[in-house]
Amino acid sequence: MEKYENSYNVLKNSYERFYNTNINENEKSFELLEGRERKNVMFSCPHAVSQTRKGKNKLADINTGPLGMALHSLGYTVLIKTKNCNDDANYDKKSEYKEFLKNYIKKNNIKYLIDLHGMSKKRSVLISLGTLFGHNSNASLELTNQFIKIANKNNINVDAIRIDFPFSASKTTVSSYIKRKNKIETLQIEINSQFFDDKMMTINIIKTLDDYAKLLEKVVAFSRISLKPKDVYDAEKLFQKRLADEVFKFNCYNSEILLTAPHSCSMIKENKECYKETSSEAVVSVLSEKLKLDSCYKTKKTEYDSTEEYIKNIENYVKGKPTKIIIEFHIMNPSRIEDVTILTNQGFSINNNLEIISTFIKTLLSHKFINISLDYPFNALNLNSSVAQLYKQTKIPSLQLIINQRVIQNKKKLQNLLNALETIIAKLNYIL
């Protein structure tokens, strides 16, 4: 909390610079404050001082310049308008401010821009998140929803947060311009001036912007690896040749996602042999190695039901680990109509987190998987299932992802699956 107290003091002490009555004729049009830590996300304050639009003078977005100074004190790179040169950096089609910002973002490989503005106290909306109706952010819905969740944690009334209302970040704005020119994600945030009447409200908005930018850093740090079906097929060949002494093998990267394949070797269940789910361990091991995710898969055939042993191993493994979700991979018979089945025990094993289900289904649909089922036909209400027991014992959301064998056997479908899984994992990294 001390760092936010310090950033608040920076904000309060910056008003004199921006809004005193003595205008410095030698003041530059704008100033770049380079961050000492954050590299992928930067802030912009184009209305920190008054503007001239269509020959008429417009008042500054009071507080945005000082807010930019406060964020810079937290380590972020910030571009701030410091002088009215008879221009409007956020409205004019041709703008020295926008041109400089475009070139800086390109040169420094910035991945996300947050453009800060201010609203009148007369408005009922506290925060307006401008995405140009999704055009300025490929992940606009997920990311703006995350902003709202973060704001809620920081005691901001989320009922007064709106997306694309009353401001949507029209085509001439800084955020839309940078989206078009630099092809990066952008978000325009309009903040009601009443936030700055109270110290704690001011600290809450600073902390919300900091937490959101940290999340964005985490998102953009996840780069596409370009997984290939050959990776899975090669892994399966190696797995078939492997001789193992241990029943379950763990790979540890201290990740927040744990992938498992508990049926990658056969076992005896109810006096019958349950055959190995071929390729489940190959998918898990490839994702684990390429994306640096924790994993567990069965490496040795057992003459007994190994479910209890598996659950106990997972319970012991996650103690002291940062695990936030467990995804069990299974393979189903190619005669089934479903391509992919998601099992959550009617939401029980994922703590009724609908955002997780939505992420899986929407991503699979966008990668050409139409035959998807949820909690059908396996273990839909079986609270003795492995994921239900794992959730009961660890309180970590757990689900089963059951893939049809024909998807594994078809290179094109397997490629779509790997692309979908990589996208899902990237989204889970900031949803959880």
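**View 1. An open, mixed sheet of seven strands in the predicted model.** In this predicted model, seven strands follow one another in the order S10-S14-S11-S15-S18-S16-S17 and form an open sheet whose pairing is mixed. The edges are taken by strand S10 (248-251) and strand S17 (372-374), each of which has a single partner strand, so that one side of each is left without a neighbour in the sheet. On average, and with direction ignored, neighbouring strands of this sheet are turned by 20 degrees against each other.

**View 2. The pairing of S16 with S17, and the helix packed on this part of the sheet.** Strand S16, which covers residues 340-343, pairs with S17 in the parallel sense over three bridges; threonine 341 has serine 373, in S17, as its bridge partner. Helix H10 (residues 354-366) packs on the sheet, where it touches S15, S16, S17 and strand S18 (398-404), and the direction of H10 makes about 170 degrees with that of S17.

**View 3. Helix H9 between strands and a neighbouring helix.** Helix H9 (residues 307-318) lies across S10, strand S11 (257-261), strand S14 (294-298) and strand S15 (325-332), and runs at about 25 degrees to S10. H9 also packs with helix H11 (residues 386-394), at an angle of about 35 degrees and with the two axes 10 Å apart; the crossing of H9 and H11 is right-handed. The residues of H9 that take part are Thr307, Tyr310, Ile311, Ile314, Glu315 and Val318, which meet Ser386, Gln389, Leu390, Gln393 and Thr394 in H11.

**View 4. Two separate nonpolar cores.** The largest nonpolar core holds 47 residues, of which Leu116, Ile127, Ile189 and Leu209 touch the most other members. Helix H6 (residues 199-220) supplies the largest share of this core, namely eight residues. When neighbours within four places in sequence are left aside, the contacts of leucine 116 are Phe43, Ser44, Cys45, Pro46, Thr64, Leu67, Leu71, Ile189, Ile191 and Leu209. A second core, separate from the largest one, has 41 residues, among them Ile257, Ala282, Val407 and Ile408.

**View 5. Threonine 77 and the backbone of glycine 35.** Threonine 77 is found in strand S5, which spans residues 77-81. Threonine 77 counts as buried because its relative accessibility is 4%, and the cut-off for buried residues is under 20%. A polar atom of the threonine 77 side chain lies 2.7 Å from the backbone nitrogen of glycine 35.

Notes
Residues numbered from 1 in each chain as written. Predicted model: local features only at pLDDT ≥ 70, side-chain atom pairs only at ≥ 80, totals over all residues. Heavy atoms only, no water. Pairing = 2+ DSSP bridges. Helix = DSSP H or I, 4+ residues; strand = E, 2+ residues; numbered from the N terminus. Axes fitted to C-alpha atoms, helices over the stretch in contact; angles between N-to-C directions. Contact = heavy atoms within 4.5 Å. Buried < 20%, exposed > 50% of the residue type's maximum accessible area, 1.4 Å probe, protein only. Polar contact = N/O pair within 3.5 Å; in protein donor to acceptor, adjacent residues only side chain to side chain. Core = buried A, V, L, I, M, F, W, Y, C linked by side-chain atoms within 4.5 Å. Left-handed = near helix turned anticlockwise from the far one by under 90°.
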